[in-house]
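Here is a short report on the chains shown below. It takes them in turn and then turns to the places where they meet.

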Amino acid sequence: MSDLIPIIVAKYNYWLYIVLMMIGLYAMIAKNNLIKKLVGMNIFQTSIILFYVSMGCKRGGAGIPIIQHGPDAGHHVIDLANYVNPLPHVLMLTAIVVSVSTFGVAVALAIRIYQRYKTLEEDEILARLRSK
Amino acid sequence: MNDHYPALLIISPLLLAFIVSAMAWIRKGLCYPLAVVGSGLSAWFSVQLFATVLQKGTVDYRLGGWEAPWGIGYHVDTLNGMVLMVVSVLAFINLVATRKTVAAEFPEKEGAFYTLYLLFIVGLVGMTVTGDLFNLYVLLEVASLTSYSLIALGGGRAPLASLNYLYMGTIGGCFYLLGVGYLYIMTGSLNMADVASLLPAIYSSSAVWVAFTFCLVGVGVKMAFFPLHVWLPNAYSFAPSAVGSLIAPLMTKVMVYVMIRLMISVFSIDFTFSILKIGDPMVWLSTLAIVMGATLALAQKNLKRMFCYIIVSEIGYMVGGAWLGNASGMTGAMLHILNDALMTISLFLAAGNIYYRINGLEIAQLQGLFHRMPVTMACFVATGLSIIGVPPTCGFFSKWYLITGALEAGQYGFVGALLFSSLVNVILFFRVIEVSYYGDMQHAHGHGSPSEARAEAPAIMLVPLLILSAGLVVIGIYTGTIVNTVIDPVIPAALAR
Amino acid sequence: MKTAGLIIVILAGAILLYATQDFPPWGAPDSPASTHVSPRYLQKSMEETAVPNVVTSVLADYRGFDTMFETSVIFCAGIGCFALLRIFRKKPEDRYYRHIATEITLHIKGGRIPEKSSEFERIDALWTPYDLIIKTVCRILVPFIQLFALYVIAHGHHSPGGGFQGGVILGASMILIAISYNMRTAIARISEKTDNLLMATGVFIYAGIGTLCLILGANFLDYSGLSTILFSGPIMARSHGIFGVEIGVGITVMAVMISIYNNLASEGKQDEGL
Amino acid sequence: MIWQLDLAILTLVIVTAIAAISVKDLLGCAILFGAYSFLMCLLWAIMAAVDVAFTEASVGAGVSTVFFVAAVFRTTRRTRD
């Protein structure tokens, strides 16, 4: 048991991101309401962002990636262990922007669909299409 | 100036997109000319870039002046160059050809339409030219987001089709992003060349094949590969006709290009074929894609929907060819990107012309069309012959390479599927030709109404179609040159053994 | 659908879970992700760009090209929502007015009272009586929110934040006005035309700075090329270039947030909102 | 970074995610989604990703929720699942 804990601590973040991803993907595939699918899509996207951010972080007192500099404008040796990896953060800023853009367009589409069919349930829309 | 072609190619439509969107509020009349300028500049630079690549070999460009693994680099070889040229030139031709339908369909939102149009070009061109895995994702989203909006402009069922496309497309994009994340965590790099040089040490790791699988599934969703194609027919057939003829030929082809780029430049040929051993299943899936696409196309009563299922089966050609694992198959797949883009855009432009005149695309409505629109129908027949694969049109040659490759690889099922799909295409096109040529013979008496008279589409819509149809034959004739100068240099040595 | 979905999801999850066994442990400082490319950013950011916030320097300089398309993506979303929802039809519709002195509400079918009338004010169809507290608090808060947003944009070099976050906060302050008062008040501050022009201007500033570098002889987005017109060394030129770009991002993001909200909340009529 | 705190918040995130997709009212879903985003933002702040956390706080918990509520206002709260 005692040797299991290091393994769990070493990986649990990755496992839980997968759980989150599965929740999101399941909602996208199985939910019937178009807005619920949209929520699933957002959970899916944030889970990926969580994954990227997790791989950037460092144990052992690493701080935020802003270089501390004194009056000498920072011409000293920078200890990498003090700062987390900034690259995944940069990538994920972009991914968040993409996800909010997709969200905006999807909501606009949902409103257009509601204007036409007066419902957001997928099966009701399909039934209405078939009856025509 | 010469050194900056790869950047200019992207920023000319990008800057003009912003100007067009501002002009929509200042002087509406300028939107279309500016869009033509943007698209035309992009096409011109891509031709120049391709010429440079052919003369001097691959071109590298460092954006922001940072060297490759740290900054974002562009890497253009002959395959890139060809796809770039196809994308930007076809987008330009389509922009010119669909002027009248756009003006008729969205009189108030022309500015927004052309902004989205230009940004879509930016996305596709950027995806093709980039050498960075994450940059590819961002541009993929630019192209996808614009295509969702463009498709949903169609009215009627289009928003629903577009929302379904959005869900599928986002799943695809996210899967690709996950794959890139798995690559990044294992290698620490995002640059394609850099990742390729770091990967051989960890080929045995499970994370690498999972990364590849997820990238492949993601790209597969976006290119509508067989089990993941469900969004395509609705999205493309309910889209406005100017949008259908833009997105249908280009989006899927660029995604096929991305798949080939991942296969040969990021994960090497050794990994994809020798270590992973998924060549056979992929070819079987492609076989299924071709057969199912062709069969479903037979069941369609609407011309555009029929074309959509033809696209599904053509995607099967290209994916199957790329996964045959020999040089002929890969050559066929690359050549078919060029040919299929041309064939699809001619089909959709012809459909757009027909729709412009008779306001419907049900096959039953096409009666007597040969007499009313002879030029459009002649182009339609030429394209049909190319899709069937009749020499000397270009469709014959790519199919020839594909069949040779399949025979070399011993994939007789794939050969059978190719022949079956050619046969089905014969039936499909002759059914349309029969209705439109002979369909009105029995009703001809007493039908001298004005609607039976010649009513050809306007010249501005007809000339691009004629150019494209001529292009089908010209490319067919010059296939040998194209293969020698463009495709052979990029076929990896590991395939040619 | 539910079972099929469950099977797909479990399959995908299992594959991903299986692959985690080869991952370096979570947070390991010696993982490839932390040792291959990123150390250069941490070590050289100050020297090469004079920006202490490494995220900002990577975002706007080393990988500035990504960020340009990130801004384009949000611009696409703004234009997309506009194209999908905006309705220009000017047919007369029912309107509600309130006589200020007597608080009598008028429902006028297919007509209108002059907008500038001092006796009447227009109200939403789903109108609830004014909530003085909310309106006053929001009106007092908005300038502070905007000041903070400008600080976030301007101070992105030294602290978390930057053009994107600041732009969102600026946009949110306008959305707050639209929610606490009504949409017409917010549109009177920033009209639709201004908003759309700002949307294009912001990204144009970004791409324009990049093109300016190209015209001055450097590569696209290589801000060190700006040193000839900024009269500063190439490193400070990079820092200033990043700042210019952040301003562009801020403008676009603000305008897009306002535009998307207005179009969504009024279903494209730009008239009555939440 | 304190991994126990991280684990606790991560569990809460998963709980809110499940709640958000299973609640039978879209307005409630919008608010739960805002809570989810905010917890996510905390999680990233713990992992020292301050810029990402800042963005998520302003975008995910802020503007996205507003868009969501606007959409619910213009469509319907009703949902069957």
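## Chain A: a helical chain

Read from start to end, chain A runs α-α-α-α. That gives four helices and zero strands. Its radius of gyration is 22 Å, well over the 14 Å that the globule rule gives for 132 residues, so chain A is more spread out than a compact globule. This is a predicted model, and its local features need pLDDT of at least 70.

The C-alpha trace of chain A spans about 75 × 50 × 15 Å along its principal axes. Buried residues account for 61% of the 132 residues in chain A. Take the contacts in chain A between residues at least 6 apart in sequence: 56% of them join residues at least 24 apart.

## Chain B: overall build

Chain B has 21 helices and two strands. Its radius of gyration is 22 Å, which agrees with the value near 23 Å for a compact globule of 497 residues. Along the principal axes, the C-alpha trace of chain B spans about 80 × 60 × 45 Å.

The table sets out the values for the two chains.

| Chain | Buried residues | Contacts joining residues at least 24 apart, among those at least 6 apart |
|---|---|---|
| Chain A | 61% of 132 residues | 56% |
| Chain B | 66% of 497 residues | 79% |

## Chain B: domains 2 and 3

The domain assignment splits chain B into domain 1 (1–131), domain 2 (132–277) and domain 3 (278–497). The centres of domain 2 of chain B and domain 3 of chain B, taken over C-alpha atoms, are separated by 24 Å. Their contact takes 29 residues from domain 2 of chain B and 34 residues from domain 3 of chain B.

Which elements give two or more residues to the side of domain 2 of chain B that touches domain 3 of chain B? They are α10 (232–238), α11 (241–266) and α12 (269–275) of chain B. The largest share of that side comes from α11(B), with 15 residues. By residue type, the side of domain 2 of chain B that touches domain 3 of chain B divides into 20 nonpolar, six polar and three charged.

## Chain B: helix α15

Helix α15 of chain B covers residues 327–358, 32 residues in total. From first C-alpha to last it reaches 46 Å, close to the 46 Å expected at 1.5 Å a residue. At His336(B), α15(B) bends by about 30 degrees.

Why does α15(B) count as largely enclosed by the rest of the structure? Because 28 of its 32 residues are buried. Just after α15(B) comes Asn359(B), which takes a positive phi of about 55 degrees.

## Chain C and its partners

Chain C contacts chain B through 47 residues, against 49 residues of chain B. On the side of chain C that touches chain B, the elements giving two or more residues are α1 (2–19), α2 (32–35), α4 (54–62), α5 (64–85) and α9 (192–215) of chain C. The largest share, 14 residues, comes from α5(C). The residues of this side divide into 28 nonpolar, 11 polar and eight charged.

Chain C also meets chain D. Here 17 residues of chain C are in contact with 14 residues of chain D. The elements of chain C that give two or more residues to this side are α7 (163–180) and α11 (234–265). The largest share, seven residues, comes from α7(C). The side of chain C that touches chain D has 13 nonpolar, three polar and one charged.

## One residue up close: Leu42(C)

Leu42(C) lies in helix α3 of chain C, residues 38–49. Is Leu42(C) buried or exposed? It has 22 C-beta neighbours inside 10 Å, so Leu42(C) counts as buried.

What does Leu42(C) touch, not counting residues up to four places away in sequence? In chain A, Leu42(C) touches Pro65(A), Ile78(A), Leu80(A), Tyr83(A) and Pro86(A). In chain C, Leu42(C) touches Val54(C). Pro52(C) sits 10 residues from Leu42(C) in sequence and 9.1 Å from it in space, C-alpha to C-alpha.

Terms used. Residues numbered from 1 in each chain as written. Chains lettered and ligands numbered in written order. Predicted model: local features only at pLDDT ≥ 70, side-chain atom pairs only at ≥ 80, totals over all residues. Expected span 1.5 Å × (residues − 1). Bend = angle between axes of the 7 residues up to and from the residue. Buried ≥ 20, exposed ≤ 12 C-beta atoms within 10 Å, placed from the backbone. Rg over C-alpha atoms; globule rule 2.2 N^0.38 Å. Contact = placed C-beta atoms within 7 Å. Domains from an automatic or database assignment. Nonpolar A, V, L, I, M, F, W, Y, C, P; charged D, E, K, R; others polar.
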